[in-house]
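Welcome! Let's take a friendly look at where a ligand sits and what empty space is found in this protein.

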Amino acid sequence: MSSEQNFPKERKLYRPATELVYVKSVNIDEDTIEDPYNASSVPIYQTATFKQTSSSGAGKFDYTRSGNPTRSACEAHLAKIMAAKDAFVVTSGMTALDVILRLVKAGDEIVAGNDLYGGTNRLLAYLQDHMDIKTHNVDTTSVDAVIEKLCPNKTKMVLLETPTNPKIKIADIKSISEAVRKLAPNAIIVVDNTMMSPYLQKTLSLGAHIEYHSGTKYLSGHHDLMAGVIGVNSSELASKIYHVINATGVGLSPFDSWLLLRGVKTLAVRIEKQQDNAIKVAQFLHNNGLTVHYPGLPSFPQYSLHKSLSSGPGAVLSFETGDVGTSERIVESTKIWAISVSFGCVNSLISMPCRMSHASIPAEVRKQRDLKEDLIRLCVGIEDPIDLIEDLASALTFAGYSVKI
Ligand SMILES: *Cc1c(COP(=O)(O)O)cnc(C)c1O
């Protein structure tokens with residue numbers, strides 16, 4: 001028995017980078033040791049069923065839809081990283097949201113942002129059309145805009161993203177949560193924290209009831225799996241969420257749970273490097289006169305608000321050229337920056353959100369929400385920043401800019 005497997009539940013936590021690599025073995029409860037060999041990497045329990053020792057079947061695990069040791073180890077690790085009491089891993093970020101949305105019933109209302117992830121928008125629109133669940137999309141940079149749509153009897157959920165993507169708008173989770181808890185006490189405050197990851201922002205301590213992530217992004221870090229993560233502090237919410245996951249069978253597979261657990265160990269080094277690179281790239285674009293949206297630039301309008309919520313600006317930024325054709329030429333002539341949706345990967349990516357990740361939002365809605373068609377999004381990876389900047393510089397030159405590095 002190693003000391004690692006016996007640390008008390010209330011032990012003092014190390015600093016985040018240490019905790020990320022400090023993974024407990026499969027003994028989720030301190031009293032049960034399930035790995036007889038003390039494997040230092042949590043094994044993959046690739047099995048659908050577990051033999052029981054009695055006819056009443058009282059074993060900790062019986063069927064992988066309901067629970068699996070690899071998934072449980074991954075969940076215990078993520079709960080610790082998110083400062084959550086319980087965490088759940090599911091098959092994608094959208095699955096995480098789908099599970100959470102099952103807490104809402106027909107006739108209830110949701111208040112959400114107006115610069116949401118495209119898939120989130122699509123799922124909320126589906127609920128509105130099929131289930132009589134109305135979503136009010138408001139500008140969540142304004143606490144008052146959220147308050148205006150709160151109805152103590154009807155509002156069942158407030159759904160926030162910050163920073164938003166791709167416009168990079170900041171929602172004051174803390175003030176919004178305080179207002180919602182006072183004015184619509186039945187509403188569940190949910191934050192999609194994918195853009196920041198738990199390494200940079202912990203929303204449960206800022207007032208959210210539920211924090212979720214697309215584990216496909218920073219948590220796994222290599223674009224080699226899809227996953228979703230849900231974290232909560234209330235045991236009542238935890239049991240409702242577990243009920244849906246078990247009832248529908250969307251828990252993450254053992255192999256993907258193992259991959260996610262492996263990926264998350266390097267979260268600190270990846271984010272620190274990606275963020276360092278992003279700051280340099282943002283500065284380069286800003287110095288060349290482009291309109292850059294990035295919370296790491298002191299000129300960013302909500303610089304101090306973002307700083308009060310998180311410990312860093314992250315590695316996603318967007319910028320405008322003012323012309324769709326120019327943006328197309330830039331995006332299509334970069335070499336290191338791959339044209340791809342998504343973010344959070346070790347490789348740098350470039351995209352035009354209105355053409356790609358946000359194309360599912362109808363053009364007129366994009367216009368209403370002032371989502372610029374020429375907007376270019378950069379998701380910065382861990383490459384050498386000089387190569388990244390030189391590649392962008394030659395693309396900008398090709399598109400007609402006279403660039404200084
Ligand atoms: C990617 C993403 C999602 C959806 O996650 P999937 O894993 O792709 O299902 C949700 N929210 C945000 C902010 C995302 O970037």
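The questions below go through the ligand, its pocket and a cavity in this predicted model.

Q: Which pocket does the ligand take up, by size rank?
A: A molecule counts as sitting in a pocket if more than half of its atoms lie within 2 Å of the pocket's grid points. By that rule, the space taken by the ligand is the second largest pocket.

Q: Which residue has a polar side-chain atom 2.8 Å from an oxygen atom of the ligand?
A: Two contacts with ligand oxygen atoms use the backbone: a backbone N or O atom of Gly93 lies at 2.9 Å, and a polar backbone atom of Met94 is at 2.9 Å. The side-chain contact, at 2.8 Å, comes from Ser214.

Q: How much of the ligand's accessible area does the protein cover?
A: Residues around the ligand include Tyr117, Asp192, Thr194 and Phe343. On its own, the ligand has 380 Å² of accessible area. The part of this that the protein covers is 94%.

Q: How many charged residues are in the shell around the ligand?
A: Among the residues that surround the ligand are Met226, Ala227, Asp192 and Lys217. By class, the shell has five nonpolar and five polar residues. Asp and Lys belong to the charged class, and the charged residues of the shell number two.

Q: Which element gives the largest share of the lining of the second largest pocket?
A: This pocket has a volume of about 400 Å³ and is lined by 27 residues, with Met94, Tyr117, Gly119, Ser214 and Lys217 nearest its centre. The elements that give two or more residues to the lining are α3 (93–101), α4 (118–131) and β6 (210–214). The largest share, four residues, comes from α4.

Q: How many residues in the lining of the second largest pocket are polar?
A: The lining holds eight nonpolar and five charged residues. Gly counts as polar here, and the polar residues of the lining number 14.

Q: How much space lies in the largest cavity?
A: A cavity is a space where a 1.4 Å probe fits but cannot get out. Counting those of 30 Å³ or more gives one cavity. The space in the largest cavity is about 30 Å³.

Q: Which residues line the largest cavity?
A: By class, the lining of this cavity has two nonpolar, one polar and three charged residues. By name, they are Asn114, Asp115, Lys167, Ile361, Arg369 and Leu371.

Key
Residues numbered from 1 in each chain as written. Predicted model: local features only at pLDDT ≥ 70, side-chain atom pairs only at ≥ 80, totals over all residues. Heavy atoms only, no water. Near = heavy atom within 4 Å. Polar contact = N/O pair within 3.5 Å; in protein donor to acceptor, adjacent residues only side chain to side chain. Areas by Shrake-Rupley, 256 points an atom, 1.4 Å probe, with all protein chains shown as cover. 1 Å grid on protein atoms, 1.4 Å probe; cavity = no way out; pocket = protein on both sides within 12 Å on 5 of 7 lines; lining within 4 Å. Points joined across faces, edges and corners; volume = space filled by probe spheres on them.
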